[in-house]
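Hi,

Here is the structure I promised to pass on. Have a look at it first, and then read my notes below.

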Amino acid sequence: MNGFASDPKTMHSSSRALLDVRGLKVKFKTNRGEGTAINDVSFTLRRGEVLGLVGESGSGKSVTGMSLMGLIENPGRICGGQILFDGIDLAKLSDLEMERLRGKRIAMIFQDPMMTLNPVLRISTQMIETVRAHDDVTLVEARRRARDALGQVGIPRPEERLDAYPHEFSGGMRQRVAIAIALLHKPDLIIADEPTTALDVTIQAQILSEVQKLTSEYGTALIWITHDLSIVCGLADNVAVMYGGQIVEYGPVAEVIRSPRHRYTDGLLNSVPSRNRRGDRLRQISGFAPSIFSMPQGCAFRPRCSFADDACHQTPPLATHGNHAHRCWHPISSREGLGS
Amino acid sequence: MSAHASSASRSEQDEKLPITETPVRRMVREFMASPLAVSGLVVLSVLSLLAIFGPFIVPQNPYDLMQLDIMDSQLEPGAQSVAGMTYWLGTDDQGRDMLSGIIYGLRTSLGVGVISALVAALIGTSIGIYAAYAGGRTENLIMRVIDLQLSFPTILVALMILAFMGRGVMNVILALIIVEWSTYARTARGVALVERRKEYIEAAESLVIPRWRVLFKHLLPNCLPPLIVIATVQVGRSITLEATLSFLGLGVPITEPSLGLLISNGYQYMLSGKYWISLYPGIMLLVIIVAINLVGDQLRDVVNPRRQA
Amino acid sequence: MTTWLAQRLVQSVFVVLVMTAIVFVGVNVIGDPVSILISPDANQQERARIVAEFGLDQPLWSQYLSFLKGTLQGNFGNSFVYGMPALQVILSRMPATMELAIAAILLSVLIGVPLGLYAGLRPHSFFAKFMMAGSILGFSVPLFWLALILIMFFSVYLGWLPASGRGQTVDFLGIGWSFFTWDGLSHLCLPVLTLSIFKISLIMRMVRAGVREVLPQEYIKFARAKGLSRQRLLYVHVLKNIMIPVVTIIGLEFGSLIAFSVVTESIFSWPGMGKLIIDSINVLDRPMIVAYLMIIVFIFVTINLIVDILYTTLDPRVRLSRD
């Protein structure tokens, strides 16, 4: 089922993919039973490329990000698939090997900037320890790098601010600090898990452009996890829409937005208010996302989909058309898509 | 403990249950989930019954000098009395049956503990709710007094009071009340402050219901669960404190001995190997307090307002 | 920060003042000073002489002022029993009590913190559950009874450790300490163990709860995402957060250890101020009682002040709000 990886059109032959996720599966085992958080997730990412991972909460997008970091904790467990990062299978690495990779070659930025920095440690401590976790440098050198990183993300008077505590910064500034920490080792890949959701709209835009600028400067690949399709539009090269632990649609951003194939993607797009004409009823997807412990049989979107029929009781396979793929028994044809 | 481990998943299960379950029923069900707490409750019930009906059960009235025989003093557990009675737990230096003495001591200990905790709860809760409701300077003053008192260990405060007033059951109860009211007052104020902001109080106030009615009919019931938890734990603390004071010779008088005093009486014989005079009352004391703490611990988990949020 | 400190100091002085008033009222109004000071069979003349000597015929406020003056000068009168200034008698017993309290707090932290960390990191392990159940027992067992049981087992049954007294002491800085001799240490064992059991349970539970609370925090995940080692994560990120409440508790519990020395010292015949006060209460040695209470008030106000300052320096969030 690793359709994306083997699809020649999604892979530019000029460079080997930086990240090649194949059939990834993560399960959570609790006393309520076993639940599959993500099932058969596959995608690839080249150096410098930006992938938008879109979905509702509980769709498995964050779990996907965490499993790339090797941060799936009990009771969760990766129980299938491969995460090939620069040719190495991360799923097979030992804890120690993964530790060396984290923060060095793959970094992560989290959602709530108020929560991601340790409140009782100085910014300098939290940055210097990151430098020294991977590079054997002097304190002075580590501090210099930390200061430079702060400057790069647009924090004024970095030398002074270095010795402040997190609560002395505003939310947007804290997220900049978190980004500076993520960029300390100029990683090959940054996973950003809704890093702008908790911020004001204006700050959101600033952070977005900052990240965009820096990643393209360093050639860093980026996975941007969000529930907001509109953010992905301007930022990503490719987009993967997740639902119920699976990627239900995948393809170049422009194409997915212009002609979505999966009914869920279509619903998402129609839920964006700006796409509705004034006076129209706001469209929405009725119902709730399924819990991982009570996943519907077959297509996970079936209970909320008005096009569902008996066929949808079977899990739809990933159908690929060019570099645009979807997982639906009744995909929107391009003609229908244009009409909507 | 296992209760902590499963609490998260339990609350998830709650969502699936029909909404008809009342909060009280939920608490009862969650309480019953811990076998340790339930067994604590059972032990506590049995001991309470034993304390209440003790005089009808005991083989001997240990404080009726007519029934005592000095020839029977310091007998080992299981020994026969001159009159042919068996002393299952031995006798003390006066020839008292230890079993009977312990049951009487239990009466005093539980009685003092429960009465002081209840009266302190009543006074403390009233003051706390009043403070929350009054606000401003009154609240500030009350809170300062509470903080001041809580910064001193209870045993010292009680010791001080008894040093001034002298020993006696009433004095001990009084000392315990003075020591404990502040804990209730602080909790009651905290809960009341939260509840006050909720809409039903505003609604009641806008209906021009008298102030005291708003306070006690609307605010109090909502403050009760956390206060019950505290009261449970406080009964255990009262009993311990009373036992300690009595052991030090500052608590109950020799005519109404509690478990603490019994232990103190036996203390001098312990070094000569006559362990039972001190050991058995001590075990009884430990059993009550452990039982109370097991119940209190589980109650705290069940009632914890943070989980309901 | 300096203004805050000044305010806090004024507050402490105020608390001491309030406490002198309370102690004064307790001794002179609730208790009957005449009956304490004068033997029942004293004749009328003797009675009048003592009343005049102690100023008991003066109005209450002037009695209080002279009491306050005496307190400020450290003059509480001579002990009826020892015939020496009460303050001096108590101060001479203080090192023994402090020694006990310090040893107990050290033991509690050294055992309680690692146990709590373990129980917090592996909450489902058998050992952690066993320790948590045991801590309920540690919470419940009355101090004095625990002391008796320890004596019964270690002194009477096994005969390993002495049950009373302080043992051989060595002079250091002009004060005798049992810390430095084997004999002294063996005498320390049982009283310290008695005092520690409760504190160990308390600290263990606090640390465990702290670990459980800190571990799921986002900043821990973020710290892991930075590639920090487990040691760094635990000993810097987790521990620093937990240490704030723990240090507070340690400070406050140190006070309670001094208070509970009343019990342990009585049982183990430890020649500290706790045993002294019980003896004094039993013979109604009024100057001793008053002096003890005032010293205790002073110690507690000082401890609370130190804890507040420590808390403020440890937690940057609090520090900033007080700047």
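What pattern does chain B follow when read along the sequence? The answer is α-α-α-β-β-α-α-α-α-α-α-α-α-α. That comes to 12 helices and two strands in chain B. Before you go further, please keep in mind that this is a predicted model.

A bit more on chain B, then. Of its 309 residues, 53% are buried. If you take the contacts in chain B between residues at least 6 apart in sequence, 68% of them join residues at least 24 apart. As for what chain B exposes, the area is about 14,500 Å², with carbon and sulfur atoms supplying 64% of it.

Next, the place where chain B meets chain C. Chain C brings 44 residues to the contact and chain B brings 38 residues. Between them the two chains bury about 3,700 Å², and 83% of that is on carbon and sulfur atoms. How many salt bridges does the rule find across the interface of chain C and chain B? Just one salt bridge. C:R205 forms a salt bridge with B:D297, and their closest N and O atoms are 3.6 Å apart. The rule also finds one residue pair in polar contact across this interface, counting pairs with both residues at pLDDT 80 or more.

Which parts of chain C supply the side that touches chain B? At least two residues each come from α1 (2-30), α6 (126-140), α7 (143-157), α8 (182-214), α10 (230-268), α11 and α12 (286-314) of chain C. The one that gives the most is α1(C), with nine residues. Sorted by kind, the residues on this side of chain C are 32 nonpolar, 10 polar and two charged.

Now for salt bridges in general. Side chains of opposite charge can pair when their charged atoms come close. Over all chains, the structure holds 33 salt bridges. Here are a few to find on screen.

In chain A, A:R304 and A:E56 meet through their side chains in a salt bridge, 3.2 Å from N to O. A:R304 sits in the loop between α12 and β11 (319-321) of chain A, while A:E56 sits in the loop between β3 (50-54) and α2 (61-69) of chain A, so this pair ties together parts that are 248 residues apart in sequence. Are the two partners buried or partly exposed? A:R304 counts as buried because its relative accessibility is 12%, and A:E56 counts as partly exposed at 24%.

Also in chain A, A:R46 forms a salt bridge with A:E49, with 2.7 Å between the closest N and O atoms. A:E49 has 6% relative accessibility, so this residue counts as buried.

Over in chain C, look for C:D279 and C:K275, a salt bridge whose closest N and O atoms are 3.5 Å apart. These two residues are about one helical turn apart, because they are four residues apart in helix α11 (residues 273-282) of chain C. Both C:D279, at 33% relative accessible area, and C:K275, at 23% relative accessibility, are partly exposed. Back in chain A, salt bridges that share partners join A:K104, A:D135, A:E141, A:R143, A:R144, A:R145, A:R147, A:D148, A:E159 and A:D163 into one network.

Last, a helix in chain A. Helix α12 (residues 263-271) of chain A is mostly covered, with eight of its nine residues buried. Among those buried residues are A:R263, A:Y264 and A:L268.

Cheers

Methods: Residues numbered from 1 in each chain as written. Chains lettered and ligands numbered in written order. Predicted model: local features only at pLDDT ≥ 70, side-chain atom pairs only at ≥ 80, totals over all residues. Heavy atoms only, no water. Buried < 20%, exposed > 50% of the residue type's maximum accessible area, 1.4 Å probe, protein only. Salt bridge = Lys/Arg side-chain N within 4 Å of Asp/Glu carboxyl O. Contact = heavy atoms within 4.5 Å. Buried area = accessible area lost by both parts, 1.4 Å probe. Polar contact = N/O pair within 3.5 Å; in protein donor to acceptor, adjacent residues only side chain to side chain. Nonpolar A, V, L, I, M, F, W, Y, C, P; charged D, E, K, R; others polar. Areas by Shrake-Rupley, 256 points an atom, 1.4 Å probe, with all protein chains shown as cover.
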